[in-house]
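Visitor: Could you walk me through this model before I take it to the bench?

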Amino acid sequence: MAAASLDLQGLLARLDPTADVAQRHIWLIDVFDWLRGDRASPQAAVGRVSLLLDAVEARPELRERLRAWWRAFTRAVDLTALLADYGFAPRTAFVSELTERLRRKILPGTPETTDASDLFRMVLPGAFDAGWIALLDDVQLARIGTLLADAALDDDGTPRWRHTVMDAVTYCSSQVVAAGFSPELRLRMSAASESRAFHALMSDLDALREQMFRAPRDEDALQAAFVAFRDRLDACRASASSVYAHLEDNGISVGLVFRLRQLRERVLRIRELLDCLVSATPAPSVARLVGRLVLAGGERNSIRALIASNSSMLAAKVTERSAETGEHYITRDRASYLQMVRKAAGGGALTALTVLLKFGIYSLALSAFWSGLWSGLMYAASFVAIQLLHLTLATKQPAMTAPAMAARLRDIKTDAAVADFVDEVANLVRSQVAAVLGNVGVVVPAMLALALLVQFALGRPLLDAAHAAATLQSLSLLGPTALFAAMTGVLLFAASIVAGWTENAFVLHRLDSAMRYNPRIGAFLGAARARRWATFMRTNISGFASNISLGLMLGLLPAIAGFFGLGLDVRHVTLSAGQIAAAAASIGTAVLQQPALWWAVAAIPVIGALNVSVSFYFAFRLALRAHSVSLGDRARIRSAIRARWRSRPISFFLPA
């Protein structure tokens, strides 16, 4: 402590209110560096604050120099912008915001500035500062307030800080009003709230300002003006919150969600600033505000926070639409379970034809890219046909059903809600089992029949011996099949993202309404046909986007990966089962004695499990982020699922 006292004496000796801006700010930075010390503990920093106050209060000449320094500081630096705007991102574009944060991390700042935000970032750079500021007691805060009291007065004799804080409230309020009047929010507010609260916000603020600086002050009138402004502010926040109820029906825009979050944070900042103004003892409120600014600045500068925030908005954008689609893939009783098996059987039969066409494309001996492109287009056409025939392809389900599952986690606080969710998990797993069994159970005999039919028609096997053996070898469990199956699960998840994004854009831009009512489209198609097409596209746009994107990814990934020398391939459980059946039929009954066949057959359940689990995992994690499910609730859910598995494992495979 003696060494610290010596350092403090040298620091205070450098205090010069007549120095230039850069030197004054360097001194301030050094003071806070001294207060932090070695950052061993926030309590040590609080102790250093007491040392600083004792040293200043013991020397009247030093106290006057500090007050003169404070007057010069408040004249040179715009504190209003700091209080009103610090911690708020000025842009919605991810790339530009990322570039700005990287610039601040890489390039050094300069204390030769009148921008209080830049200076604040250098003086109080981290969460440690928020920690020790929160520990300052009322006595220390009162001593700081007394030390700086009346150091800076305006012409009317009012402390300048009050005008600064009121100006910051005005800036924030104008931002709230501008957001409330923006078409994106105004047109989506509920009819009950509309945007009327925003019209009167600034007039209520003017009334509050008038009472705040009236001399002599009428405390009753000031309190009435404060309550009126606070209630109007709450009404603005409620009006903006009503927009959320319309997002699911009208589509979600990242820019719109950004505006809503910014508006909410602006309202909270105004409340914090008002606490500093109307409190009888403003020092604790000022300390809380400074601590909040430190934390807001840390989050504003964090690249991780930027990625988390944007991924949350993007997750909400794509999962809300997928949740609506995914409900159709969950079976809850025996009748729907059997219906799922029948639909999956039809999907398996059509996939057998897809496998046949794939071998036909390979027989053309095209280059890698063109072979992959035509295979992708053929896959896409096959998947769209399965969709239009109301059949099912098993592995497409998990990425669609995961958002529907996560949507049930919005209210998961009670044990009954957790139990209901576990019931849905069991329903989902049963649905996947039924779909996989239906697909694989039919694609194998259907492919055997097609291979025999081709052999009868052409007088030779579908595949020659070398290609048949290579097919079995490539699908063997002993090779990289598991890795490729997991990669295919990622593609299935990516297809669901494309589906959610496309459907959200379709709804957000009201393309179904445009198809239904646009005069040119109506004149070309006719009114009745335009209505049918609008309804058809609204119903099927998500499936079209998912199926087409998945087909192209399955076809093109091997070609693109081969171009970079990665050697990646795809393993889809239904397509792989069909290829094994085609190879076995081409070899004949002798294949039953070949280990290669059984290693390939053993890979089928592994491929199916990885396709389903990987795509579901990524989609479910994304949906959890979209709904902001806490870590504690996630732990409760995992525990409940394990308990259900121990007590009723059969419920995950067969309906009651």
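Guide: What follows goes from the whole chain to one helix pair and then to some loop residues.

Guide: This is a predicted model, in which local features need pLDDT of at least 70 and side-chain atom pairs count only at pLDDT 80 or more, while totals for chains, interfaces and linings use all residues. Residues are numbered from 1 along each chain as its sequence is written, and side-chain values use heavy atoms, with hydrogens and water left out.

Visitor: How many helices and strands are there in the protein?

Guide: The protein has 30 helices and 0 strands, where helices (H or I, at least four residues) and strands (E, at least two) are DSSP runs numbered from the N terminus.

Visitor: And what share of the residues is buried?

Guide: Of the 656 residues, 47% are buried, where buried means under 20% relative accessible area, exposed means over 50% and partly exposed lies in between (1.4 Å probe, protein chains only).

Visitor: Okay, helix pairs: how do α10 and α16 cross?

Guide: The axes of α10 (residues 160–181) and α16 (residues 254–278) come within 9 Å and cross at roughly 155 degrees, the axes being lines fitted to C-alpha atoms over the stretch in contact, with angles from 0 to 180 degrees between N-to-C directions. That makes α10 roughly antiparallel to α16, a label for angles over 145 degrees.

Visitor: Which residues of the two helices meet there?

Guide: Among them are Trp161, Val165 and Cys172 in α10, and Leu263, Ile270 and Leu277 in α16, with contact meaning heavy atoms within 4.5 Å. By class, this contact of α10 with α16 has 15 nonpolar, 3 polar and 4 charged residues; Ala, Val, Leu, Ile, Met, Phe, Trp, Tyr, Cys and Pro count as nonpolar, Asp, Glu, Lys and Arg as charged, and the others, Gly among them, as polar.

Visitor: Switching to loops, where is the place of Pro216?

Guide: Pro216 sits in the loop between α13 (201–212) and α14 (219–241), and a cis peptide bond with omega of about -5 degrees joins Ala215 to Pro216.

Visitor: What about Arg39 and its phi?

Guide: Phi of Arg39 is near 60 degrees, a positive value in a residue other than glycine. Arg39 belongs to the loop between α2 (21–36) and α3 (42–57), and at 42% relative accessibility Arg39 counts as partly exposed.

Visitor: Last one: is Ala365 buried or exposed?

Guide: Ala365 is exposed, with a relative accessible area of 67%, and lies in the loop between α19 (334–362) and α20 (368–388). Phi of Ala365 is near 55 degrees, which is a positive value in a residue other than glycine.

Conventions
Angles under 35 degrees count as roughly parallel, over 145 as roughly antiparallel, 65 to 115 as roughly perpendicular and the rest as oblique.
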